[in-house]
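Please open the model in your viewer and keep the sequence beside it. The tour below moves from one selection to the next and says what is found at each stop.

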Amino acid sequence: MTVTGIFTALIIGLIIGALGRLVVPGKQSIPIWLTIVVGIVAAFLGTALANAVGVGTTSGVDWIEIIFQVGLAALGVALVAGFYGRSHVHR
């Protein structure tokens, strides 16, 4: 993987993770690095899911793939926020 590929994965992860955080109601007390990690994982899983269903490659913008990615990011943010919030004491 090149430096450009890593940088692109970080940017895409940040965008997908941020969109996932916007979908989840309430305040999520997780750091930005964890949001990026959740976004990167959700982007990969969403792409794999879209390809498995047969909607991964379409003409134009792959809206269904993006919906899968953001939905998985929202699920990931909700799960991580639940675990992270319980394991860390905030003052």
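## A tour by selection

Begin by selecting Leu49, which is found in helix α2, helices being DSSP runs of H or I with at least four residues, strands DSSP runs of E with at least two, both numbered from the N terminus. This is a predicted model, in which local features need pLDDT of at least 70 and side-chain atom pairs count only at pLDDT 80 or more, while totals for chains, interfaces and linings use all residues. Residues are numbered from 1 along each chain as its sequence is written, and side-chain values use heavy atoms, with hydrogens and water left out.

Leu49 is partly exposed, because its relative accessible area is 36%; buried means under 20% relative accessible area, exposed over 50%, and partly exposed in between, with a 1.4 Å probe and protein chains only. Now add Glu65 to the selection: 16 residues separate Leu49 and Glu65 along the chain, and their C-alpha atoms are separated by 8.0 Å.

**Glu65 and Thr47.** Glu65 is found in helix α3, which covers residues 63-87. Does a salt bridge accompany this side chain, or is Glu65 without one? Glu65 is buried yet has no salt bridge, and the nearest side chain of opposite charge, Arg21, is 22 Å away. Here a salt bridge is a side-chain nitrogen of Lys or Arg within 4 Å of a carboxyl oxygen of Asp or Glu, and for charge, Lys and Arg count as positive and Asp and Glu as negative, with His and the chain ends not counted. Show the side chain of Thr47 next, since a polar contact of 2.7 Å joins it to the side chain of Glu65; a polar contact is a pair of N or O atoms within 3.5 Å, where within protein one must be able to donate a hydrogen and the other to accept it, and residues adjacent in sequence count only if both atoms are side-chain atoms. Not counting residues up to four places away in sequence, Glu65 touches Gly46, Thr47, Ala50 and Gly56, contact meaning heavy atoms within 4.5 Å.

**Gln69.** Keep Thr47 displayed and select Gln69, also in helix α3. Gln69 counts as buried because its relative accessible area is 8%, and a polar contact of 2.9 Å joins its side chain to that of Thr47. Again leaving out residues up to four places away in sequence, Gln69 touches Ile16, Ala42, Ala43, Gly46 and Thr47.

**Val38.** Return to helix α2, residues 32-53, and select Val38, which counts as buried because its relative accessibility is 9%. The C-alpha atom of Val38 is separated by 6.7 Å from that of Val77, 39 residues apart along the chain. Apart from neighbours within four places in sequence, Val38 is in contact with Ala73, Gly76, Val77 and Val80.

**Phe7 and its patch.** Move to helix α1, residues 3-23, and select Phe7, which counts as exposed because its relative accessibility is 53%. Phe7, Ile11, Ile12, Ile15, Leu19 and Leu22 make a nonpolar surface patch of about 570 Å².

**The whole chain.** Finally, display everything: the protein has three helices and zero strands, and from the N terminus on the elements run α-α-α. Its C-alpha atoms fill a box of roughly 50 × 30 × 20 Å, taken along the principal axes. Buried residues make up 30% of the 91 residues.

Methods. Patch = residues over 30% accessible without salt bridge, like charges linked within 9 Å, V, L, I, M, F, W, Y side chains within 5 Å. Areas by Shrake-Rupley, 256 points an atom, 1.4 Å probe, with all protein chains shown as cover.
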